[in-house]
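Reader: Could you walk me through this one, piece by piece? I'd like to hear the reasoning as well as the result.

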Amino acid sequence: MKKLILGIVLCIVLSGCAKESKPSNKKYFLLFATPLKNHIVWKKAEHGFLDACKDYDIDCECIGPSNIDTDRMNEVVETGILKKVNGIITQGVIDSSLIHLADEKGIPLVLVDSDQPKSKRFAYMGKDFQEQASLLLKDIEKKYGKNKKLKVAIQVAELKFKIAQKQIEDIEKIFSTHLGGVEIVRVTESKSDILKAKREWEKVFSEHKDINVAINFAGESAVPCAETAIQQNLKKDMLIYGVDEVEETMDMIKENKLDGTIITSFYDYGYKSVETIYEYLENNKKPESKVLRPNLILVNGDNIKDYE
């Protein structure tokens, strides 16, 4: 019954009735099936999506769960396909069969942030995780040198997601070049919940006092990680990194409580994905490469003023 009700609601929204009392006369309708409707980072992607739709005079809707829920995302995407939207943007955690279905129906589907490279997605826009790992190792070796043994703890949003597995895999690959040796002591997950992120770091730091590098691949995790390390008097012997341009994270970098964050433009995930789909719909122009890379930068205490 719950799924039936959700399907009816989504059908109403995607048909335009949720916004207007009369049918829209715009040429195209795009759907952004966001993984987290109220998350600060994904709100930036939504902002870019809505701005691009306005600039290109496209009808659009952004729909998604408030907490991690891939079943809900699948329902949103499936309903969009059934309603024959002109294009879909979503994170690559959805069921691959839906990507295949969209391709069968001639609907360009762009994955952002995490990929399914063997699928029939129209394009993918996201980080190069080896470049991300290289930026982190370069900064670590700048501060510790190349001969210090690294004892690393990592936190991701959801361990079962391929994006998390790929980021860990590339950390292991790139960090294996470190002459002093590397041990990944613990990997935990935040479930995109700041309170859970803090509880997990409290547990990790209580059990492993010798960790000297903490890496957070969930946008909400870096701040509670640093707060916990400071509370347990461990920060002076530890480098802590995050991802994304979160205001609290940037403030802690300025205060020398965090050592850096890897930043890419989530706004561009939304805006440039719309551009890519529009060029195809309007001009039959496909991207030169199916993999689109945003620029990456590690923002730290040395460059944060220039970055801002």
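**Strands, loops and a cavity**

Author: Sure. Gly260 and Ile262 point one way from strand 10 (residues 260–263), Thr261 and Ile263 point the other way, and all are buried. In a regular strand the side chains alternate between the two faces of the sheet. Keep in mind that this is a predicted model.

Reader: Which residue is the bridge partner of Gly242 in strand 10?

Author: Start with the strands. Strand 9 (residues 239–243) pairs with strand 10 in the parallel sense, over three bridges. Within strand 10, the bridge partner of Gly242 is Thr261.

Reader: What hand does the β-α-β unit of strand 9, helix 9 and strand 10 have?

Author: The path leaves strand 9, goes through helix 9 (residues 247–254) and arrives at strand 10. That β-α-β unit is right-handed.

Reader: And which residue in strand 12 does Thr261 stand opposite?

Author: Strand 10 also pairs with strand 12 (residues 297–299), over three bridges and in the antiparallel sense. In strand 12, the residue opposite Thr261 is Val299.

Reader: On to the open sheet: which strands stand at its edges?

Author: Six strands form the open sheet, with parallel pairing and the order 2-1-3-4-5-11. An edge strand has a single partner strand, so one side of it is left without a neighbour in the sheet. The strands at the edges are strand 2 (59–63) and strand 11.

Reader: Inside that sheet, which residue of strand 5 stands opposite Val110?

Author: Strand 4 (residues 109–112) and strand 5 (residues 123–125) pair in the parallel sense, and three bridges join them. Opposite Val110, in strand 5, is Ala123.

Reader: Is Thr90 buried or exposed?

Author: Thr90 sits in strand 3 (residues 87–91). Leaving aside neighbours within four places in sequence, Thr90 is in contact with Ala33, Met73, Val77, Leu109, Val110, Leu111 and Val112. The cut-off for buried is under 20% relative accessible area. Thr90 has 0% relative accessibility, so Thr90 counts as buried.

Reader: Now the backbone oddities. What is the phi of Lys191, and where is that residue found?

Author: Most residues other than glycine have a negative phi. Lys191 is not a glycine, yet its phi is positive, about 60°. At 35% relative accessibility, Lys191 counts as partly exposed. Lys191 is found in the loop between strand 7 (182–189) and helix 7 (194–207).

Reader: What about Asn284: buried or exposed?

Author: Asn284 is another residue other than glycine with a positive phi, near 55°. The loop between helix 10 (266–283) and strand 11 (291–292) is where Asn284 lies. Exposed means over 50% relative accessible area. With a relative accessible area of 59%, Asn284 is exposed.

Reader: How much space lies in the largest cavity?

Author: The structure holds one cavity of 30 Å³ or more. The space in the largest cavity is about 380 Å³.

Reader: Which residues that line the largest cavity are closest to its centre?

Author: The lining has 29 residues. By class, 17 are nonpolar, six are polar and six are charged. Closest to the centre are Trp42, Gln91, Asp113, Ala157 and Phe217.

Reader: Last one: which helix gives the largest share of that lining?

Author: Elements giving two or more residues to the lining are helix 2 (40–55), helix 3 (70–82) and helix 6 (162–175). The largest share is three residues, and it comes from helix 6.

Key
Residues are numbered from 1 along each chain as its sequence is written. This is a predicted model: local features need pLDDT of at least 70, side-chain atom pairs count only at pLDDT 80 or more; totals for chains, interfaces and linings use all residues. Side-chain values use heavy atoms; hydrogens and water are left out. Buried means under 20% relative accessible area, exposed over 50%, partly exposed in between (1.4 Å probe, protein chains only). Helices (H or I, at least four residues) and strands (E, at least two) are DSSP runs, numbered from the N terminus. Two strands pair if DSSP finds at least two bridges between them. A crossover is right-handed if, with the strands pointing away from the viewer, the path from the first strand over the helix to the second runs clockwise. Contact means heavy atoms within 4.5 Å. On a 1 Å grid over the protein atoms alone, a cavity is a set of points where a 1.4 Å probe fits but cannot get out, and a pocket is an open set with protein on both sides within 12 Å along at least five of seven lines; lining residues have an atom within 4 Å of a point. Grid points are joined across faces, edges and corners, and a volume is the space filled by probe spheres set on the points. Ala, Val, Leu, Ile, Met, Phe, Trp, Tyr, Cys and Pro count as nonpolar, Asp, Glu, Lys and Arg as charged, and the others, Gly among them, as polar.
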